[in-house]
Amino acid sequence: MSSLTNILYFQAGLGILANTFLLCFYTFTILCHRSKPMDLTSCQLTLAHILFLLAGGDNWLAVILESLNIENDFKCKAIFYTNRVMRGFSICITCLLSVFQAVTISPHTSLLAKFKHKLKTYIIYAVFYIWFYNFLVCSHLLVYVGGFNNVSETNQMRVTESCSLFLMNYIISGLILTVTTFRDVFLVGVMLITNAYIVIILFRHQRHCKHLHSIRHLRVSPEKRATQTILLLMVFFVVMYWVEIIISSTSLLLWMYDPGFLTVQKLIVTVYPTITPLVQISSDKRVINVLKNLQSKCQQIF
């Protein structure tokens with residue numbers, strides 16, 4: 001149990017460091033007016049991942065709130081509300097990135113080509129809508145999550161050592177489950193469709209290039225590199241998402257608290273926000289150049 005907890009802390013810490021570095025990079029790039037169309041969205045995704053990792057159960061956010069002498073009930077509401085909002089925002093933005101890349105690489109003869117010139121405007125509106133939507137959808141947690149007490153254990157499920165989920169009305173729980181399930185299934189479906197479209201476009205492009213050049217002289221374009229990165233993230237996200245759904249659904253059906261079960265669930269849900277910045281760092285030439293410059297300066301100093 002302690003070894004799993006140590007792995008969880010290491011994984012979350014690595015994710016926070018990597019996302020913080022990317023957040024600083026994107027912020028600096030945007031302020032210097034040298035940003036790409038999706039840098040603003042990627043910047044918000046890294047911020048969401050930082051907050052998600054901080055609010056991952058009873059981790060750093062809980063420690064911060066406890067140090068401020070915040071009462072347990074408010075602490076639990078803040079942690080779980082932040083966690084679920086950032087999780088919802090992450091899946092929405094990941095889907096948005098997939099759609100953006102599909103539109104970007106689409107040929108000028110396709111139906112998606114007409115959206116290219118207004119894509120940046122559409123993305124700004126979409127991001128604002130995504131924030132508002134997730135704040136609203138997760139608002140029930142402000143009512144049905146609170147500090148654990150021993151007064152009536154049958155009406156609450158202990159989800160951490162100090163927090164519990166209160167029993168909901170069947171109509172309310174059914175409505176919440178329907179809305180969140182529809183959102184997740186719809187977004188995952190859109191990601192799968194756009195990924196299939198991207199793969200088809202890449203296959204056609206590569207086949208066309210083979211007729212014009214020898215394979216040895218083919219170079220990977222920035223667009224293709226970005227597309228491959230997003231494809232990798234999409235596949236990884238979909239796999240991790242469904243594994244997490246199975247685990248969380250099992251926990252709700254059993255209506256029981258198990259520390260080991262909860263730790264395994266935390267490990268799985270924090271994999272994506274930890275891996276994503278590492279993949280982005282390794283695939284973005286701008287970030288690689290910054291790291292190389294920092295390395296050369298450190299070598300000169302020491």
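**Close-up 1. Helices α4 and α5 meet along a shared contact.** Here Tyr 81, Val 85, Met 86, Gly 88, Phe 89, Cys 92, Ile 93, Leu 96, Phe 100, Val 103 and Thr 104 of α4 meet Leu 119, Ile 123, Ala 126, Val 127, Ile 130, Trp 131, Asn 134 and Phe 135 of α5, a contact being heavy atoms within 4.5 Å. The contact has 16 nonpolar, three polar and no charged residues (Ala, Val, Leu, Ile, Met, Phe, Trp, Tyr, Cys and Pro count as nonpolar, Asp, Glu, Lys and Arg as charged, the others, Gly among them, as polar). Please keep in mind that this is a predicted model, in which local features need pLDDT of at least 70 and side-chain atom pairs pLDDT 80 or more, while totals for chains, interfaces and linings use all residues. Residues are numbered from 1 along each chain as its sequence is written, and side-chain values use heavy atoms, with hydrogens and water left out.

**Close-up 2. The axes of α4 and α5 cross at roughly 160 degrees.** They come within 9 Å, with axes fitted to C-alpha atoms over the stretch in contact and angles running from 0 to 180 degrees between N-to-C directions. α4 and α5 (residues 119-137) are DSSP runs of H or I, at least four residues, numbered from the N terminus. The pair is therefore roughly antiparallel (over 145 degrees; 65 to 115 counts as roughly perpendicular).

**Close-up 3. Helices α10 and α11 cross at roughly 80 degrees.** The axes of α10 (residues 271-283) and α11 (residues 285-301) come within 5 Å, and the two helices are therefore roughly perpendicular to each other. Ile 281, Ser 282 and Ser 283 of α10 make the contact with Lys 285, Val 287, Ile 288 and Leu 291 of α11. Sorted by class, these are four nonpolar, two polar and one charged.

**Close-up 4. Met 191 sits in the largest nonpolar core.** Such a core is a set of buried Ala, Val, Leu, Ile, Met, Phe, Trp, Tyr and Cys residues joined through side-chain atoms within 4.5 Å, where buried means under 20% relative accessible area with a 1.4 Å probe, protein chains only. Among its 47 residues, Ile 79, Ile 91, Ile 93, Ile 123 and Met 191 touch the most other members. Helix α4 (residues 72-105) gives the most, with 16 residues. Leaving aside residues up to four places away in sequence, Met 191 touches Ile 91, Thr 94, Cys 95, Ser 98, Met 234 and Phe 237.

Terms used: Buried < 20%, exposed > 50% of the residue type's maximum accessible area, 1.4 Å probe, protein only. Parallel < 35°, antiparallel > 145°, perpendicular 65-115°, else oblique.
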